[in-house]
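Here are some exercises to work through with the structure open beside you. Try each task before you read its solution.

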Amino acid sequence: FVLTFFVNQSFLFWGSVYNSVREVQGKLSGFNLICVTNAKRAADGSLHLEAEEFLEDVGQCTRLFHVLFWASKAKRFSALMTDEGLKRMESRGLMSAKQLDILLGLDIPNDQLFYAPLEWMLVRCNQAADEGVLLADNATKSSILREYIFLRNAFAHIGNIIEGR
């Protein structure tokens, strides 16, 4: 009975983490989808050069957020949060030298470094809206902010599940 109980609890824990992981992936995808569908386009539907650069910036920040987030949650990836790991990611093109300098200069625990690229994603969207590269209407801004908040809630839930275990 005891073994069955703990196996069942382990399976429920795994299931809740799995569902939350998929939710984070979905929210990242939703955030990027809103960005790409509202980026500035030419009459033929092709992206303007500024829009391509904006989407590359947001995509790069999304990937960096994702890597640093999982490095903060999984011990097997924790080496990525060290100075050496960050420098290696910069040398491999996962972040720019400027971003590396910012991350190394932050006065926060290394397991919270993922908050920086997460913030950069939203800041870059606001900048693109101000520049006219991204639609700046209230509906688009609200959708981006809502998806950002949903993303924040989804990844915070994973930490809560793990800590509550």
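**Exercise 1. Decide whether lysine 27 is buried, partly exposed or exposed in this predicted model, and find its contacts that lie further along the chain.**

*Solution.*
Step 1: Find the residue; lysine 27 is part of helix H1.
Step 2: Take its relative accessible area, which is 21%.
Step 3: Compare that value with the cut-offs: buried means under 20%, and exposed means over 50%. Lysine 27 is therefore partly exposed.
Step 4: Set aside the neighbours within four places in sequence, and lysine 27 is in contact with Glu147, Phe150, Leu151 and Ala154.
Step 5: Check a distance too. Isoleucine 144 is 117 residues away from lysine 27 along the chain, yet their C-alpha atoms are separated by 11 Å.

**Exercise 2. Work out how helices H1 and H2 are oriented to each other, and describe their contact by residue class.**

*Solution.*
Step 1: Locate the two helices: H1 covers residues 2–37 and H2 covers residues 49–73.
Step 2: Look at the axes, which come within 10 Å and cross at roughly 170°.
Step 3: Angles over 145 degrees count as roughly antiparallel, so H1 and H2 are roughly antiparallel to each other.
Step 4: List who touches whom. H1 brings Val21, Val24, Gln25, Leu28, Phe31, Asn32, Cys35 and Val36, while H2 brings Phe54, Leu55, Val58, Thr62, Phe65, His66 and Trp70.
Step 5: Sort this contact by class, and you get 11 nonpolar, 4 polar and no charged residues.

**Exercise 3. Now do the same for helices H3 and H4, and find the handedness of their crossing.**

*Solution.*
Step 1: H3 spans residues 83–91 and H4 spans residues 97–105.
Step 2: Their axes are 9 Å apart, at an angle of about 165°.
Step 3: This angle makes H3 roughly antiparallel to H4.
Step 4: The crossing of H3 and H4 is right-handed.
Step 5: On the H3 side the contact uses Asp83, Leu86, Lys87 and Glu90, and on the H4 side Ala97, Leu100, Leu103 and Leu104.
Step 6: By class, the contact of H3 with H4 has 5 nonpolar, no polar and 3 charged residues.

**Exercise 4. Is serine 72 buried or exposed, and what does its side chain reach?**

*Solution.*
Step 1: Look in helix H2, where serine 72 is placed.
Step 2: Its relative accessibility is 16%, so serine 72 counts as buried.
Step 3: Follow the side chain of serine 72 to the backbone oxygen of phenylalanine 69, at 2.6 Å.
Step 4: Beyond its neighbours within four places in sequence, serine 72 is in contact with Met81, Asp111 and Phe114.

Notes: Residues are numbered from 1 along each chain as its sequence is written. This is a predicted model: local features need pLDDT of at least 70, side-chain atom pairs count only at pLDDT 80 or more; totals for chains, interfaces and linings use all residues. Side-chain values use heavy atoms; hydrogens and water are left out. Axes are lines fitted to C-alpha atoms, for helices over the stretch in contact, and angles run from 0 to 180 degrees between N-to-C directions. Helices (H or I, at least four residues) and strands (E, at least two) are DSSP runs, numbered from the N terminus. Angles under 35 degrees count as roughly parallel, over 145 as roughly antiparallel, 65 to 115 as roughly perpendicular and the rest as oblique. Contact means heavy atoms within 4.5 Å. Ala, Val, Leu, Ile, Met, Phe, Trp, Tyr, Cys and Pro count as nonpolar, Asp, Glu, Lys and Arg as charged, and the others, Gly among them, as polar. Buried means under 20% relative accessible area, exposed over 50%, partly exposed in between (1.4 Å probe, protein chains only). A polar contact is a pair of N or O atoms within 3.5 Å; within protein, one must be able to donate a hydrogen and the other to accept it, and residues adjacent in sequence count only if both atoms are side-chain atoms. A crossing is left-handed if the near helix is turned anticlockwise from the far one by less than a right angle, and right-handed if clockwise.
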